[in-house]
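Work through the exercises below with the coordinates open, and try each task before reading its solution.

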Amino acid sequence: MPIDQHLLLAFLLTTTIAMITPGPDMLFILGCGMRSGPRAGLLATAGVATSEAVHVAVAAAGLAALFAAVPVAFTAVRVVGGAYLIYLGVQMIRHRNDAIDDAPAGAAMSGRRAYLTGLSTNLLNPKMVTFTIAFLPQFVVPEHGRVWLQFAVLGAILIVLEFLVDGTVGLLSGRIGGWLRSRRTARRRIDTATGGIFIGLGVRLALLR
């Protein structure tokens, strides 16, 4: 395993908690499933996951080459990325009481449209690009070598978790939609916990490692 085991555990924990926090992708998939059935919800998940694979591949290729050419760049990316994670954590905690609207109403969409919409909206989302560049390098150790392989392993885990969590949301959209509408306190606690983990991760990995 090319990845440090302690960092891998931290990655799994952080990514899992981040995945189960209701956000734009989850609500989009939820809406597809509620309007058009579980197949559309699953295909919407596939579209989002495909865009994430593209983001990871681009980040891995660019950052691996950058770290090889300019070793000090890794420290800079890690510190800036850690600061961005702290910012995200603070924002999650600040806005934990904001209402999460139900998935937007609309006409049913085909599975093909659900896939392409999930792909295009996430692929063109600059926040996803920034998050990928800020998040994944926190768990990469250039000294272990094969930086591209470390990115590939982390990216594969990210995509599998995407299917497990958001795919489940798409398939069980009706029940989960009701849960999201009625469990506001639970959502606030999840946001607070996720924000705290992001802040701790940013401080730990950007400043102390």
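The exercises go from the overall fold to cores, single helices and single residues.

This is a predicted model, in which local features need pLDDT of at least 70 and side-chain atom pairs count only at pLDDT 80 or more, while totals for chains, interfaces and linings use all residues. Residues are numbered from 1 along each chain as its sequence is written, and side-chain values use heavy atoms, with hydrogens and water left out.

**Exercise 1. Describe the fold and its surface.**

Start with secondary structure, where helices (H or I, at least four residues) and strands (E, at least two) are DSSP runs numbered from the N terminus. The protein has nine helices and zero strands. Next, take burial, with buried meaning under 20% relative accessible area, exposed over 50% and partly exposed in between (1.4 Å probe, protein chains only); by this criterion 44% of the 209 residues are buried. The exposed surface comes to about 10,400 Å², of which carbon and sulfur atoms supply 68%, the areas being from the Shrake-Rupley method with a 1.4 Å probe and, for residues, only the protein chains shown counting as cover. Finally, consider contacts, defined by heavy atoms within 4.5 Å: among those with a separation of 6 or more, 86% join residues 24 or more positions apart.

**Exercise 2. Locate the nonpolar cores and find which helices build the largest one.**

A nonpolar core is a set of buried Ala, Val, Leu, Ile, Met, Phe, Trp, Tyr and Cys residues joined through side-chain atoms within 4.5 Å. The largest has 25 residues, and those touching the most other members are Phe-11, Phe-135, Leu-136, Phe-139, Phe-151 and Leu-154. At least two residues of this core come from each of H1 (5-20), H2 (24-36), H3 (38-69), H6 (126-135) and H7 (147-171). The largest share, eight residues, is that of H7. Another core, of seven residues, lies apart from it and includes Phe-28, Ile-29, Cys-32 and Val-48.

**Exercise 3. Compare the end-to-end distance of H2 and of H5 with its expected span, and list the buried residues of each helix.**

The expected span is 1.5 Å times one less than the number of residues. For the 13 residues of H2 this gives 18 Å, which agrees with the 18 Å between its end C-alpha atoms. Buried in H2 are Met-26, Leu-27, Phe-28, Ile-29, Leu-30, Gly-31, Cys-32 and Gly-33. Just after H2, Gly-37 takes a positive phi of about 100 degrees.

For H5 (residues 111-123), the 13 residues should likewise span 18 Å, and the end C-alpha atoms are 18 Å apart, in agreement. Its buried residues are Gly-111, Ala-114, Gly-118, Leu-119 and Asn-122. They cover an arc of only 125 degrees around the axis, so they lie on the same side of H5, where the arc is that of the directions from the helix axis to the C-beta atoms.

**Exercise 4. Are Asp-166 and Glu-162 buried or exposed, and which residues do they contact?**

Asp-166 is found in H7 and is buried, with a relative accessible area of 3%. Beyond neighbours within four places in sequence, Asp-166 contacts Met-19, Asp-25, Met-26, Ile-29, Thr-45 and Leu-161. Glu-162 also lies in H7 and is buried, at 1%. With the neighbours within four places again left aside, Glu-162 contacts Met-19, Ile-29, Thr-45, Val-48, Ala-49, Glu-52 and Gly-167.
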